[in-house]
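Biologist: I am new to this structure and would like a close look at a single part of it, the nonpolar core and what surrounds it. Could you take me through that part step by step?

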Amino acid sequence: MGLFKRILKKGRFAQAAPPLPESELEAATFRGSFQVRHVDTGSCNGCELELSGCFGPVYDAERYGVRLTPSPRHADGLLVTGVVTRNMEKPLLDAHQAMAQPFVVIAVGDCACNGGFLKDGYGVIGPVSEVITPDAYVLGCPPKPEEIITVLRRFGGR
């Protein structure tokens, strides 16, 4: 019971978010809530591990108004990880076409941005830019959760 009382007394333990520059706040596409649909088009799951960290209790991307949504119809952004494989080209295009305007496409990880080390595979089309046009890129293999959250905050404006 002592731990519960301490939690109620101290409140939430989280690091304060670094402030966004004013230019990025003014250029934010979506004010407040930013719903994101994640599509894995053929990755090694390294980026997915970092994404789960972004929405976990340590980084807590939801405190900035960013939420994952299971439906592209409810999403403001499409978050794509992995190199686009032949089997995932149509599902990616279907998710892209199902989204309401305006929306953004964010390529996360080296594979989604430039093909990474999987670009020469026999079942691989290439990076996301060969199928749809991304609005933002998050480089890294895998990218750090701080970098992913910074890009998500840029569009959410919080």
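Modeller: The largest nonpolar core has 19 residues, and those with the most contacts inside it are Phe 34, Val 66, Leu 79, Ile 106, Ile 148, Leu 152 and Phe 155. Such a core is a set of buried Ala, Val, Leu, Ile, Met, Phe, Trp, Tyr and Cys residues joined through side-chain atoms within 4.5 Å, where buried means under 20% relative accessible area, exposed means over 50% and partly exposed lies in between, with a 1.4 Å probe and protein chains only. The model is a predicted one, in which local features need pLDDT of at least 70 and side-chain atom pairs count only at pLDDT 80 or more, while totals for chains, interfaces and linings use all residues. Residues are numbered from 1 along each chain as its sequence is written, and side-chain values use heavy atoms, with hydrogens and water left out.

At least two residues of the largest core are supplied by each of strand S1 (34–40), helix H3, strand S5 (104–108), strand S7 (136–138) and helix H6; helices (H or I, at least four residues) and strands (E, at least two) are DSSP runs, numbered from the N terminus. The largest share of this core, five residues, comes from H6. A second, separate core of 16 residues includes Val 39, Val 80, Val 84 and Ala 107.

Phe 34 shows what surrounds one member of the largest core: leaving aside its neighbours within four places in sequence, Phe 34 is in contact (heavy atoms within 4.5 Å) with residues including Val 66, Ile 106, Leu 152 and Phe 155, and also with Arg 67 and Asp 76.

H6 also meets H3, for the axes of H3 (residues 46–54) and H6 (residues 145–156) come within 9 Å and cross at roughly 65°. Axes here are lines fitted to C-alpha atoms, for helices over the stretch in contact, and angles run from 0 to 180 degrees between N-to-C directions. H3 and H6 are therefore roughly perpendicular to each other, a term that covers angles of 65 to 115 degrees. The contact is made by Glu 50, Leu 51 and Cys 54 of H3 together with Pro 145, Ile 148 and Ile 149 of H6. These residues divide into five nonpolar, no polar and one charged, with Ala, Val, Leu, Ile, Met, Phe, Trp, Tyr, Cys and Pro counted as nonpolar, Asp, Glu, Lys and Arg as charged, and the others, Gly among them, as polar.

Technical notes. Angles under 35 degrees count as roughly parallel, over 145 as roughly antiparallel, 65 to 115 as roughly perpendicular and the rest as oblique.
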